[in-house]
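User: Please take a close look at the pairing of charged side chains in this model, and then set that part against the rest of the chain. I would like the cut-offs stated as you go.

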Amino acid sequence: MPTLYVRDVPEPVVESLKKRAAEAGMSLSAYVASELADIAARPTNAEIVKRLKTQARSQGPSTADILEAVAEGRR
């Protein structure tokens with residue numbers, strides 16, 4: 001498995017990651033590797049937009065339905 005080095009990570013970020021790793025019962029390295037794997041598994045914004053452009057829009061709620069749901073949520 002390749003090794004990845006990350007330089008110039010601000011101290012507050014390192015401390016936060018160390019704390020989260022400890023809370024998860026993981027080493028810092030294992031925790032960061034897990035977080036990076038999660039990030040890499042998510043689609044990029046460009047991929048999401050591309051996928052949305054290929055989907056039919058005739059199905060689903062109307063604008064009026066959406067506005068009514070928003071208004072209902074505010075009540």
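Analyst: The side chains of R75 and E68 meet in a salt bridge, with a distance of 3.6 Å from N to O, where a salt bridge is a side-chain nitrogen of Lys or Arg within 4 Å of a carboxyl oxygen of Asp or Glu. Before going further, please keep in mind that this is a predicted model, in which local features need pLDDT of at least 70 and side-chain atom pairs count only at pLDDT 80 or more, while totals for chains, interfaces and linings use all residues. Residues are numbered from 1 along each chain as its sequence is written, and side-chain values use heavy atoms, with hydrogens and water left out.

R75 has a second partner, E72, and here the closest N and O atoms are 2.7 Å apart. E68, E72 and R75 are thus linked in a network of salt bridges. As for accessibility, buried means under 20% relative accessible area, exposed over 50%, and partly exposed in between, with a 1.4 Å probe and protein chains only. On that scale R75 is exposed at 65%, whereas E68 is partly exposed at 43% and E72 is partly exposed at 46%. In general, side chains of opposite charge can pair when their charged atoms come close.

A search of the whole structure finds three salt bridges, and one of them joins E15 to K18, with the closest N and O atoms 3.9 Å apart. E15 and K18 are three residues apart in helix α1, and therefore about one helical turn separates them; helices are DSSP runs of H or I with at least four residues, strands are runs of E with at least two, and both are numbered from the N terminus. Both partners lie in the middle class of accessibility, since E15 is partly exposed at 40% and K18 is partly exposed at 41%.

Turning to the charges as a set, the protein has 11 positive and 10 negative side chains, and the centres of the two sets lie 6 Å apart. For this count Lys and Arg are positive and Asp and Glu negative, with His and the chain ends not counted, and each charge is placed at NZ of Lys, CZ of Arg, CG of Asp or CD of Glu.

The wider frame for these pairs is a protein with four helices and zero strands, whose elements run α-α-α-α from the N terminus on. Its radius of gyration, taken over C-alpha atoms, is 21 Å, whereas a compact globule of 75 residues would have a value near 11 Å, the globule rule being 2.2 Å times the number of residues to the power 0.38. The C-alpha trace spans about 50 × 35 × 25 Å along its principal axes, and buried residues make up 4% of the 75 residues. The accessible surface comes to about 7000 Å², of which 57% belongs to carbon and sulfur atoms; such areas come from the Shrake-Rupley method with a 1.4 Å probe, and for residues only the protein chains shown count as cover.

Some C-alpha separations help to place the helices and the segment before them. L36, in helix α2 (residues 28–41), is 18 residues along the chain from T54, and their C-alpha atoms are separated by 28 Å. D38, whose place is also in helix α2, is 18 residues in sequence and 15 Å in space from R20, C-alpha to C-alpha. T3 is found in the segment before α1, and its C-alpha atom is separated by 22 Å from that of A24, 21 residues away along the chain. D8 lies in that segment before α1 as well, is exposed at 78% relative accessibility, and has a positive phi of about 60° although it is not a glycine.

Apart from charge pairing, L4, V6, V9, V13, L36 and I39 form a nonpolar patch on the surface, with about 520 Å² of accessible area together. Patches are made of residues with over 30% relative accessible area and no salt bridge, like charges being joined within 9 Å and nonpolar side chains (Val, Leu, Ile, Met, Phe, Trp, Tyr) within 5 Å. Among its members, V13 has its place in helix α1 (residues 11–23) and is partly exposed at 38%, while L36 is partly exposed at 40%.
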